[in-house]
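These are my notes from going through one model, entry by entry. I looked up helix packing, then a few single residues, then the cysteines.

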Amino acid sequence: MAIVERVFSGVQPTGNLHLGNYLGAIVNFVKLQETHNCLYCVVDMHALTQPVEVWGGPTELARNTREVTAAFIASGIDPKKHIVFNQSQVHEHAELAWIFNCVARVGWLNRMTQFKEKAGKDREAASVGLYDYPVLMAADILLYRATDVPVGDDQKQHLELSRDIAQKFNNDFGDSIRSHGFGEVFFPQPEPLITGPATRVMSLRDGTKKMSKSDASDNSRINLTDDADTIAQKIRKAKTDPEPLPSEEKGLEARPEADNLVGIYAALSGRSKSDVLGEFGGGQFSSFKNALVELCVAKLSPIASEMKRLVADPSHVDSILIDGADRARAIAAETMKATKDIVGFVRKG
Ligand code: TRP
């Protein structure tokens, strides 16, 4: 089987998408469509790993799954040329995860920093799924033998684990892989793809904290569904410092709020920070904020209104997911068949 260059990435349907998700992930997803075959997955099975208060229960999960799908499409992901689907519709994810559970080592999972963070102090109370999360993530990627995985910094360790799993599988089953005619390597090593400005969008209330859906203050973030007035209000209230904007990028050091707002402007306009400072440097925040409001509204409100339109038509969104899942399953089933043969599972046909 030939190894195809493929992009895979996943987004959890666990709550409102915000500007950080958009600039940090979705913008890249859109761009990669030009150069790769892409699969974009709403990872609803991963959502279940956290306590129900986090993912909101069944009604919220379904609503958020459709909302993430709508955000993908409203942002410019083409579900006909590429594949957009939700994980739970392709049962091969769970199936391959089981085999990988038997390849991955407890010691490897014990080193995962995200588990430690998410489990917090009471590790005994964390779900087994939360512990096993990175193994399911490896299955997501390797099921399609994806080679490029656009992820943020926080997911790099999980991606390394995916590489370790791929390599151990290839070693452990090397003889079988060769005797079944799959060559030397069955699963390729997926690489993290960190392209573009890799914008880290920070909270509008505290430039040292990441913009996050779990921040208690809604004013700390711009949600993709916010209307123009809300966006304007949030930016006008955004924390700044009393100095005027610097004229050069190094003047942003130790000014996290200024750095963040300039970074958002640069990312949304596709310009560099120094270019933006060339225009606004020396001026007051108030006039820069006006320009930022205008830019945010111009870029985000078409997305918000398209999302609104899509979410109002859930059966249309569902049909996109069903079609995506059908096409994903066709690839996944091939990998799973071969994997079963390699492992020695007897199967029909
Ligand atoms: N863990 C990723 C996150 O929270 C989501 C995810 C699940 C993912 N499966 C994936 C990302 C596979 C890339 C590839 O951001």
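**Entry 1: α1 and α12**

At what angle do helix α1 and α12 pack, and how far apart are their axes? I found an angle of about 50° and axes 11 Å apart, with α1 covering residues 19–32. The model is a predicted one, and I read every value below with that in mind. At about 50°, α1 and α12 are oblique to each other, because the angle falls outside the ranges for parallel, perpendicular and antiparallel. The handedness I noted for α1 passing α12 is left-handed.

I then listed the residues that meet. From α1 they are Leu19, Tyr22 and Leu23, and from α12 they are Ile264, Ala267 and Leu268. Sorted by class, this contact of α1 with α12 has six nonpolar residues, no polar ones and no charged ones.

**Entry 2: α4 and α14**

Next I took helix α4, residues 58–74, against helix α14, residues 285–311. Their axes come within 9 Å and cross at roughly 135°. That angle makes α4 oblique to α14, since antiparallel would need over 145 degrees. I recorded the crossing of α4 and α14 as right-handed.

Which residues make the contact between α4 and α14? On the α4 side I have Glu67, Ala70, Ala71, Ile73 and Ala74. On the α14 side I have Ile303, Glu306, Met307, Leu310 and Val311. By class, the contact of α4 with α14 holds eight nonpolar and two charged residues, with no polar residue.

**Entry 3: α4 and α15**

I stayed with α4 and looked at helix α15, residues 314–343. These two pack at about 75° with axes 10 Å apart. That puts α4 roughly perpendicular to α15, because the angle lies within 65 to 115 degrees.

The α4 residues in this contact are Thr65, Arg66, Thr69 and Ile73. They meet Pro314, Val317, Asp318, Ile320 and Leu321 of α15. I counted the classes for α4 with α15 as five nonpolar, two polar and two charged. Ile73 is listed in the contact with α14 and also in the one with α15.

**Entry 4: Val149**

I moved to single residues and began with Val149, which sits in strand β4, residues 148–150. Is Val149 buried or exposed? Its relative accessible area is 2%, so I put Val149 down as buried.

Val149 and Val7 are 142 residues apart along the chain, yet their C-alpha atoms are separated by 5.6 Å. Leaving out residues up to four places away in sequence, Val149 touches Phe8, Ile141, Leu159, Pro190, Glu191, Pro192 and Leu193.

**Entry 5: Ala266 and Glu294**

Ala266 belongs to helix α12. I have Ala266 as buried because its relative accessibility is 6%. Beyond four places in sequence, Ala266 touches Arg271, Ser272, Lys273 and Val276. I also took its distance to Gly76: 20 Å between C-alpha atoms, with the two positions 190 residues apart in sequence.

Glu294 lies in helix α14. Its relative accessible area is 61%, so Glu294 counts as exposed. From Glu294 to His158 I have 38 Å, C-alpha to C-alpha, at a sequence separation of 136 residues.

**Entry 6: positive phi**

I checked backbone phi next. Most residues other than glycine have a negative phi. Arg145 is not a glycine, but its phi is positive at about 45°. Arg145 is in the loop between α8, residues 128–142, and β4. Arg145 counts as buried because its relative accessibility is 7%.

Ala254 also has a positive phi, near 65°. Where is Ala254 found? I placed it in the loop between α11, residues 228–237, and α12, residues 256–269. With 81% relative accessibility, Ala254 counts as exposed.

**Entry 7: cysteines**

How many disulfides does a search of the whole structure find? I got zero. I looked at the accessibility of Cys102 and Cys296 as well. Cys102 is partly exposed, because its relative accessibility is 46%. Cys296 is at 1%, so I noted Cys296 as buried.

Methods
Residues are numbered from 1 along each chain as its sequence is written. This is a predicted model: local features need pLDDT of at least 70, side-chain atom pairs count only at pLDDT 80 or more; totals for chains, interfaces and linings use all residues. Side-chain values use heavy atoms; hydrogens and water are left out. Axes are lines fitted to C-alpha atoms, for helices over the stretch in contact, and angles run from 0 to 180 degrees between N-to-C directions. Helices (H or I, at least four residues) and strands (E, at least two) are DSSP runs, numbered from the N terminus. Angles under 35 degrees count as roughly parallel, over 145 as roughly antiparallel, 65 to 115 as roughly perpendicular and the rest as oblique. A crossing is left-handed if the near helix is turned anticlockwise from the far one by less than a right angle, and right-handed if clockwise. Contact means heavy atoms within 4.5 Å. Ala, Val, Leu, Ile, Met, Phe, Trp, Tyr, Cys and Pro count as nonpolar, Asp, Glu, Lys and Arg as charged, and the others, Gly among them, as polar. Buried means under 20% relative accessible area, exposed over 50%, partly exposed in between (1.4 Å probe, protein chains only). A disulfide is a pair of cysteine sulfur atoms within 2.5 Å.
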